[in-house]
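Okay, thanks everyone. Let me put the structure up, and then I'll walk you through a few spots.

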Amino acid sequence: MVEDVVETFREYLKIRSVHPEPDYDGCIEFVKKRADQYGLKTQIFRLDEKRPVLIVTLEGSEPNLPSILLNSHTDVVPVFEDQWSYDPFGAEMDEEGNIYARGSQDMKCVTIAHLEALRRIKFSQVKLKRTVHMTLLPDEELGSIEGMAKFVHTKTFKDLNVGFDIDEGIPTPDEEFMIYNNERCKWGVLIHCTGTTGHGSLLHENTAGEKLRIVIDKFMDLRKREAVKFQTEPHLGDITTVNLTQIQGGIQNNVMPPEIIVGFDLRIKADGDHEEMEKWINDVCKEAGEGVYPEYIQKDIKVPATVLCSKNPFWTSMETTLKSLGLKYNVRSLFGATDARFARGVGVSAVGFSAFNHTPTRLHDNNECMNKNIFLAGISIYEHLVKSVANV
């Protein structure tokens, strides 16, 4: 049976749910088929024609109580195949049991581990007090704007009556696991620099290029200041990162462009002041000159962190289980952005957690992989956690 689970994982990894055209239906059909075979209840909800959501349910003895949610996503990021040593969608396994594939760490390992944990609980005849729902969401790698951000406001989600969400985390390279009760907010901003156009041989005033230089200098200065902080506080969740990701403009080398657009990826630290950041961006635009303005392509709102203390019985149960298993863990703010922020945004207590340690972190990287023994051990951790929190 152990080898069957590993093969299920490998088969799931072969489904090309990669952007820009992810095979969402292939993922949903694959997991639904196995959940049906295990006797779990399944439901497909469509956010739109291209974006299905799968809900797998193991009903508890007191279904009116707030439920437990196990959430993961179906999409994976693109690959540079020439930089991989293996077929990124071949799920090849080496002699040491390392399985190489895009999604092996982010996030298909969690999906199959959730499913297998529910199967084990169901067939063990263990009675759960609370109902457990497992969900598979689309578009997480695109910021979830068409995924979880919409799903949490649907009647279907509200009817799940979620009290506690165990969402995605990150595999860790050493013994210690990470628990994330908060995360940074992603802002994607395009700064439009407009100016005088004309022949490239002349010395025009008020050019887009001059304004662009000021904008880039200001943003890069902020980046450097945050990088200095990172030397003393080496946790990305505690600083704001600034990265220049796009420059657009110009049609020909000897023509002054009427507009140049520069894009920045900002990840605002979990306790950052959003009003202060927006004011800073506006001030930069004003200093750069007339005709410079920001356009936000993503602007996550700040949501409260999940409180992890004795007042949160789900966390108390989870913490007790981790300690009983002898597992080391640490609580941090996540440096990335996950679906958990939208659950928190509608009042659901949520933590990010991936039950896989001793794994070199290769999320979004070349040769992403997961060791089969670490994967199997993670399933057992999820099984214990679900039994615990579902009986709070």
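So, start at Q125, which comes after α3 and has a positive phi, near 70°. Quick housekeeping: this is a predicted model, where local features need pLDDT of at least 70, side-chain atom pairs count only at pLDDT 80 or more, and totals for chains, interfaces and linings use all residues. Numbering runs from 1 along each chain as its sequence is written, and side-chain values use heavy atoms, with hydrogens and water left out.

Back to α3, residues 108–123. Helices here are DSSP runs of H or I, at least four residues, and strands are E, at least two, numbered from the N terminus. With 16 residues at 1.5 Å each, α3 should span 22 Å (1.5 Å times one less than the number of residues), and the end C-alpha atoms are 23 Å apart, which agrees. Of those 16 residues, 14 are buried, so α3 is largely enclosed by the rest of the structure. Buried means under 20% relative accessible area, with a 1.4 Å probe, protein chains only.

Next, T240, in the loop between α6 (208–232) and β11 (241–249). Is T240 buried or exposed? Buried, at 7% relative accessibility. A polar atom of its side chain lies 3.1 Å from the backbone nitrogen of K269. T240 also touches, among others, R184, E226 and M277 (heavy atoms within 4.5 Å), leaving aside residues up to four places away in sequence.

And M277 turns up again: it is one of the α7 residues meeting α6, along with W280 and I281. On the α6 side you've got residues including I214, K218 and F219.

Definitions and conventions
Buried means under 20% relative accessible area, exposed over 50%, partly exposed in between (1.4 Å probe, protein chains only). A polar contact is a pair of N or O atoms within 3.5 Å; within protein, one must be able to donate a hydrogen and the other to accept it, and residues adjacent in sequence count only if both atoms are side-chain atoms.
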